[in-house]
Amino acid sequence: MKPELDLLDTITSARDQVRSLRGWSSGPERIYDLLGTATKLRAMEISAGMMTDLPWESVLAQLVAWHHDYPVGTGTCSEKDAAEIVLAAAAAQRLDLVETGVRSGGYQVRMTRGNFRIRHRWNASAEVADMFLERDARPTGLPELSETERRWISTRPVDSRTSPPPEVLRAAVQRASTTIEAYRQSVPEGQVPDSFPLGEGMTAGDMISVLAVIMGIASLCEQTAHRLSRLETTLFHLTDTRLMAVLAEMCPDVSEAHHALVVERLTYRTGRSCRTSPLIRHGDVLIVCPPLVTPRAVDPIMLRSAAHASGEFGRIGREQGERAAAWAAWLRTTPGALVAERVPVVRTDGRSAGDLDVVVVDPARRLGLCLEIKWPIEALSLHEVMKVENWVTSAARQLDRVRGELRAATAAAELPAGWPPFDAIDWTWCVGTPQQLGLRPLPAPDMHATSLRYVQALGTPPDLDALVTALTRPDLPTEGLHYNVVKRSLPVGRCQVHMDALQVSPIVGWRPRFL
């Protein structure tokens, strides 16, 4: 058996062991025990000043998914049993990283003395570049607790579970609204406009108003627990009736029907992702777990929850596609360049062969750039990152097909009047996404992938020649200076897996440059 298949079988066997954990025989109240145990362990990390790469939001999401997937029994879930499941959820995040990397072809796997050694197969510099660009895009100067919130927290008894009064809640919601807007404005490639339709007459602005209330409550809850040294109490819950009353008071400009629609879309159920549907239903109560509710992810939450709604996926995709106009707007800043969008490609028999999303030409130098643009929803998990990779691969094949017909003269591109003939131009072919550089080698020769976030970080191109060079020979972080590849080990069943991990320098900065 190949080492890759042997490792995947080992991972599957390790996952199967989760079903046999004793905690799953407990009753439906176990969701509180699992989430409470996980937040307590997270609190211990924070209190001890520990810095780990364990994504607690993914661990919590895994616990929610397992709770819904496994049948409930009776009785309570003991502290020991809950801790055992939480540790299994933490291990599952490592397994997901390994499995996704192996299945996607991103890792080379070898077996030595019964253990596995896996290394990066692709150039890790592109992944590190995305890390730097994402880090640089984070907003600074986010609002701190208001005096109203601070005063209420300082006078609150440690064991109190009473809800905040309206003026405190309003201050928390205002702080959340400001934080959400700061994150949305910081996105270099642009945010979803408030008028963006999310179905059933609801707009992005409507959903943001409701999300600000939920995120405000979550933030206030966590800040309170932190200041009272009770981080394990960051969970809170409220009934549907109580939540609707709070929403009616805090965002009166949004209709009652849209309040209910947002809550329905944000409520987790099997088939949804807890990263974009973070409310957890337990009978007539909704549980809010603050680490799952982050203002950084507002746009993906809105779009993915809308796309999962019945009949909305295609329309959301089309609306997202309209945002690709941002590429043409940026390219028009290139001196001496002509830019056209959606250039038709027509076969000799008059049938359509497709179109070229964005075409840029320097008529003086007879240089040209053809871009196939894809605008997927921002990835919040490794699985979603690999879906974007699949989009890029598919787009490269699509563009290669059209390129083949143009080269064979079985089809012609209808360039705008006054442009040089297509055959007289030296063309470069590229796939563009909003945020993510392509990691996987493309299936078509002489084709490249880039992101709007990357080219915007370059600054205004001096000319098209410099931009083409930046796309064909991109400036990327250097191993040993900007990052290091280190070996990390984890147990999988009776084996050890030794894998490459990226360690990005917190001191040495990086930004791409025109070469």
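Q: Which helices are tied together by the salt bridge between Arg 170 and Glu 249?
A: In this predicted model, the side chains of Arg 170 and Glu 249 meet in a salt bridge, with an N to O distance of 3.8 Å. The two residues are 79 apart in sequence, so the pair ties together separate parts of the chain. Arg 170 belongs to residues 166-186 and Glu 249 to residues 240-250, that is, to helices α7 and α9.

Q: Are Arg 170 and Glu 249 buried, partly exposed or exposed?
A: Buried requires a relative accessible area under 20%, and exposed one over 50%. Arg 170 has a relative accessible area of 42%, and Glu 249 has one of 39%. Both values lie between the two limits, so Arg 170 and Glu 249 are partly exposed.

Q: How many residues apart in sequence are Arg 42 and Glu 222?
A: Arg 42 forms a salt bridge with Glu 222, and their closest N and O atoms are 2.7 Å apart. Both residues are buried. The pair links distant parts of the chain, with Arg 42 in helix α2 and Glu 222 in helix α8, and the separation is 180 residues.

Q: Where does the salt-bridge partner of Asp 81 lie?
A: Asp 81 is buried, with a relative accessible area of 11%. Its salt bridge is with Arg 22, the closest N and O atoms being 3.1 Å apart. Asp 81 lies in helix α4, and the pair ties together parts 59 residues apart in sequence, so the partner is found outside that helix, in the loop between α1 and α2.

Q: What is the orientation of helices α8 and α11 to each other?
A: The axes of α8 (residues 204-227) and α11 (residues 298-308) come within 11 Å and cross at roughly 120°. The crossing is right-handed. An angle of 65 to 115 degrees would count as roughly perpendicular and one over 145 as roughly antiparallel; the two helices are therefore oblique.

Q: How many residues of the contact of α8 with α11 are nonpolar?
A: On the α8 side the contact involves Ala 204, Met 207, Ile 208, Leu 211 and Met 215, and on the α11 side Val 298, Ile 301, Met 302 and Ser 305. One of these residues is polar and none is charged, while the number of nonpolar residues is eight.

Q: Which residue of α11 does Ala 204 touch?
A: Ala 204 is found in helix α8 and is buried, with a relative accessible area of 0%. Not counting residues up to four places away in sequence, Ala 204 touches several residues, including Val 192, Pro 193 and Phe 196. Among its contacts, the member of α11 is Met 302.

Key
Residues numbered from 1 in each chain as written. Predicted model: local features only at pLDDT ≥ 70, side-chain atom pairs only at ≥ 80, totals over all residues. Heavy atoms only, no water. Axes fitted to C-alpha atoms, helices over the stretch in contact; angles between N-to-C directions. Helix = DSSP H or I, 4+ residues; strand = E, 2+ residues; numbered from the N terminus. Parallel < 35°, antiparallel > 145°, perpendicular 65-115°, else oblique. Left-handed = near helix turned anticlockwise from the far one by under 90°. Contact = heavy atoms within 4.5 Å. Nonpolar A, V, L, I, M, F, W, Y, C, P; charged D, E, K, R; others polar. Buried < 20%, exposed > 50% of the residue type's maximum accessible area, 1.4 Å probe, protein only. Salt bridge = Lys/Arg side-chain N within 4 Å of Asp/Glu carboxyl O.
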